[in-house]
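Biologist: I'd like a close look at one part of this model rather than a tour of the whole thing. Could you pick a single spot and walk me through what surrounds it?

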Amino acid sequence: MSVRSDARAAATVERIAVWGVAVLAVAALAGLVVGPGADLRTAAPSADFEGSYDNATGAVTVTHAGGDDLTGESVALAVTDADNDTTTRLLWANESTLPVTEGDSVTVDDPRVDSNGDGNYLDADRSVGFYLEPGDTVDVVWTGRLTGAPETRTETLETITIGDETG
């Protein structure tokens, strides 16, 4: 009888070990889904942007300076006039012109200067209806849905403040 009792005890220890390993595997998978793995799958892209302002032409240029390529539905600029607290949203790229990659840039001007002398004061890629000046801001806004994300998201990736030193 002692042989049978040892065999039964060994079988029970094996079962406990197998169930323990199974529980750990399920916990690890659950941790990836609701923990950091979920954030990696559904987080907004991470990219850096630089802004340069030319006071003489009343234009600000925003450049993708590195990080993730921007795909999705759109990349826009939200330009805010600090004096009047008004915002103009300008499309940088949409689904047909994405991705925005490192080195890509867009220039926004105001109606103050006809920089190329053609009689049209809106000479850049995009234009706003107010004068750009120090203190105004440009938000780079991404809209998209990453693989595994439940819905479309809109995120401000960077805010650039126009300053005297960039002129």
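Modeller: Let's start with the side chain of Asp110, which reaches the backbone nitrogen of Leu132 at 2.7 Å. Keep in mind that this is a predicted model, so treat every distance here as computed from predicted coordinates. The same side chain has a second polar partner: the side chain of Arg112, at 2.8 Å. So where does Asp110 sit in the chain? Look in the loop between strand S5 (105–109) and strand S6 (126–127).

Is Asp110 buried or exposed? Its relative accessible area is 0%, and because buried means under 20%, Asp110 counts as buried. Leaving aside residues up to four places away in sequence, Asp110 touches Thr57, Gly58, Tyr121, Leu122, Val128, Phe130, Tyr131 and Leu132. Two of these names tie in with what else is going on here. Leu132 is the residue whose backbone nitrogen the Asp110 side chain reaches. Tyr131 has Arg112 lying over the face of its ring, at 5.5 Å from the ring centre. Put together, Arg112 makes a polar contact with the side chain of Asp110 and also lies over Tyr131.

Now step back from the loop into strand S5. Of the 5 residues of S5, 4 are buried, so the strand is largely enclosed by the rest of the structure. S5 has pairing partners as well. With strand S2 (residues 59–67) the pairing is antiparallel, over 5 bridges, and one place to see it is Thr63, whose bridge partner in S5 is Ser105. With S6 the pairing is parallel, over 2 bridges; here Asp109 stands opposite Ser127 in S6.

Ser105, which belongs to strand S5, deserves a moment. At 39% relative accessibility, Ser105 counts as partly exposed. Again not counting residues up to four places away in sequence, Ser105 touches Thr61, Val62, Thr63, Trp92 and Asp125. As for Asp125, its C-alpha atom is 9.5 Å from that of Ser105, with the two positions 20 residues apart along the chain.

Trp92, one of the contacts of Ser105, leads us on to the aromatic side of things. How many aromatic pairs does the model have? The count comes to 1 aromatic pair. Its rings belong to Phe49 and Trp92, with centres 6.2 Å apart and planes at 65°, so the pair is edge-to-face. Phe49 lies in strand S1 (residues 47–54) and Trp92 in strand S4 (residues 86–94), so the pair ties together parts that are 43 residues apart in sequence. Both Phe49 and Trp92 are buried.

The strand that holds Trp92 takes us to a sheet. Four strands, in the order S4-S3-S7-S8, form an open sheet with antiparallel pairing. S4 and strand S8 (153–161) are its edge strands, each pairing on one side only. On average, neighbouring strands of this sheet are turned by 25° against each other, direction ignored. Between the edges, strand S3 (residues 74–81) and strand S7 (residues 137–144) run antiparallel and are joined by 7 bridges. If you want a place to look, Val79 stands opposite Val138 in S7.

To come back to where we began: Asp110 is buried, and its side chain reaches both the side chain of Arg112 and the backbone nitrogen of Leu132.

Notes. Residues are numbered from 1 along each chain as its sequence is written. This is a predicted model: local features need pLDDT of at least 70, side-chain atom pairs count only at pLDDT 80 or more; totals for chains, interfaces and linings use all residues. Side-chain values use heavy atoms; hydrogens and water are left out. Buried means under 20% relative accessible area, exposed over 50%, partly exposed in between (1.4 Å probe, protein chains only). A polar contact is a pair of N or O atoms within 3.5 Å; within protein, one must be able to donate a hydrogen and the other to accept it, and residues adjacent in sequence count only if both atoms are side-chain atoms. Contact means heavy atoms within 4.5 Å. Rings of Phe, Tyr and Trp (its six-membered ring) pair if their centres lie within 6.5 Å; planes under 30 degrees apart count as stacked, over 60 as edge-to-face and the rest as tilted. A charge sits over a ring if NZ of Lys or CZ of Arg is within 6 Å of the ring centre and within 35 degrees of the ring normal. Two strands pair if DSSP finds at least two bridges between them. Axes are lines fitted to C-alpha atoms, for helices over the stretch in contact, and angles run from 0 to 180 degrees between N-to-C directions.
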